[in-house]
Amino acid sequence: MLLLCHVPKVQVPHFQCRTGNECWMVFYECDYVPDCRDNSDEDHCEEKRAVDCELDFQDKMASDGKPLQSFQCDNGMCILGCRQCDGVMDCADNSDESGCNGTEVIPPCQ
Ligand SMILES: [Ca+2]
Ligand SMILES: [Ca+2]
């Protein structure tokens with residue numbers, strides 16, 4: 001594949017959209033905003049975000065010393081597991097509340 005993303009003197013990593021000759025700085029990858037015309041900067045992010053969720057919460061402890069649980073919203077956001085079904089919308093798409101039927105036992109946030 002022809003590499004169309006030329007990195008100028010300043011070393012800012014870039015990625016290339018799958019089609020076309022668009023280049024974006026890596027900060028624009030998986031930032032929830034489609035930047036590539038073919039959306040290829042956003043269409044592979046679910047897996048990446050799932051890993052990020054785990055990394056985000058790795059080694060974090062609640063005040064009682066138990067590992068913190070994460071919950072991943074349908075849109076890929078990571079929130080504290082205890083914020084699921086707490087009656088407050090935490091995911092921008094409300095997926096932390098939309099699947100609740102009132103019988104879930106979610107440990108309260110510390
Ligand atoms: Ca983007
Ligand atoms: Ca919530």
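Is Gln58 buried or exposed, and how many other C-beta atoms lie within 10 Å of it? Gln58 is exposed, because 10 other C-beta atoms are found within 10 Å, and a residue with 12 or fewer is counted as exposed. I start with this residue as a way into the structure, and I should say at once that what we have in front of us is a predicted model.

Let me first go through the model as a whole. The mean pLDDT of the protein is 82, and 87% of its residues reach 70 or more. Confidence is lowest in α1, where the mean is 81, and highest in helix α2, covering residues 95–98, where it is 93. The protein holds 2 helices and 4 strands, and if you follow the sequence from its start you meet them in the pattern β-β-α-β-β-α. Of the 110 residues in the protein, 9% are buried. As for contacts, if we take those between residues at least 6 apart in sequence, then 16% of them join residues at least 24 apart.

Now to helix α1, which runs over residues 45–57. This helix has 13 residues, and from its first C-alpha to its last it reaches 18 Å, which is close to the 18 Å expected at 1.5 Å a residue.

After the helix comes the loop between α1 and β3, and Gln58, our opening residue, is found there. Although Gln58 and Ser70 are 12 residues apart in sequence, their C-alpha atoms are 9.4 Å apart in space. Asp59 has its place in the loop between α1 and β3 as well, and what I would ask you to look at here is its backbone, since phi of Asp59 is near 70°, a positive value in a residue other than glycine. Asp59 is exposed, because 8 other C-beta atoms lie within 10 Å and the limit for an exposed residue is 12 or fewer.

Further along, Met61 is found in the loop between α1 and β3, the strand at residues 70–72. Met61 is likewise exposed, with 11 other C-beta atoms within 10 Å, and, if we do not count residues up to four places away in sequence, Met61 touches Lys66, Pro67 and Leu68.

Next, strand β4, which covers residues 78–80, and in which Cys78 has its place. Why is Cys78 partly exposed? The reason is that 18 other C-beta atoms lie within 10 Å of Cys78, a count that falls between the 12 or fewer of an exposed residue and the 20 or more of a buried one. Leaving aside neighbours within four places in sequence, Cys78 is in contact with Asp52, Cys53, Asp56, Ser70 and Gln72. To take one of these partners, Cys53 is 25 residues from Cys78 along the chain, and the C-alpha atoms of the two are separated by 5.6 Å.

The last region I would like to show is the loop between β4 and α2, where Met89 has its place and where Asn94 is also found. Met89 is partly exposed, with 13 other C-beta atoms within 10 Å, and, again not counting residues up to four places away in sequence, Met89 touches Asn94 and Glu97. Asn94 counts as partly exposed too, with 13 C-beta neighbours inside 10 Å, and Asn94 has a positive phi of about 65° although it is not a glycine.

To go back over the path we took: Gln58 is exposed and has 10 other C-beta atoms within 10 Å, Asp59 just after α1 takes a positive phi of about 70°, Cys78 in strand β4 is in contact with several residues, including Cys53 and Ser70, and Met89 touches Asn94, whose phi is positive.

How values were computed. Residues are numbered from 1 along each chain as its sequence is written. Chains are lettered from A and ligands numbered from 1 in the order in which they are written. This is a predicted model: local features need pLDDT of at least 70, side-chain atom pairs count only at pLDDT 80 or more; totals for chains, interfaces and linings use all residues. Two residues are in contact if their C-beta atoms, placed from the backbone, lie within 7 Å. pLDDT is the predictor's confidence in each residue, from 0 to 100. The expected span of a helix is 1.5 Å times one less than its number of residues.
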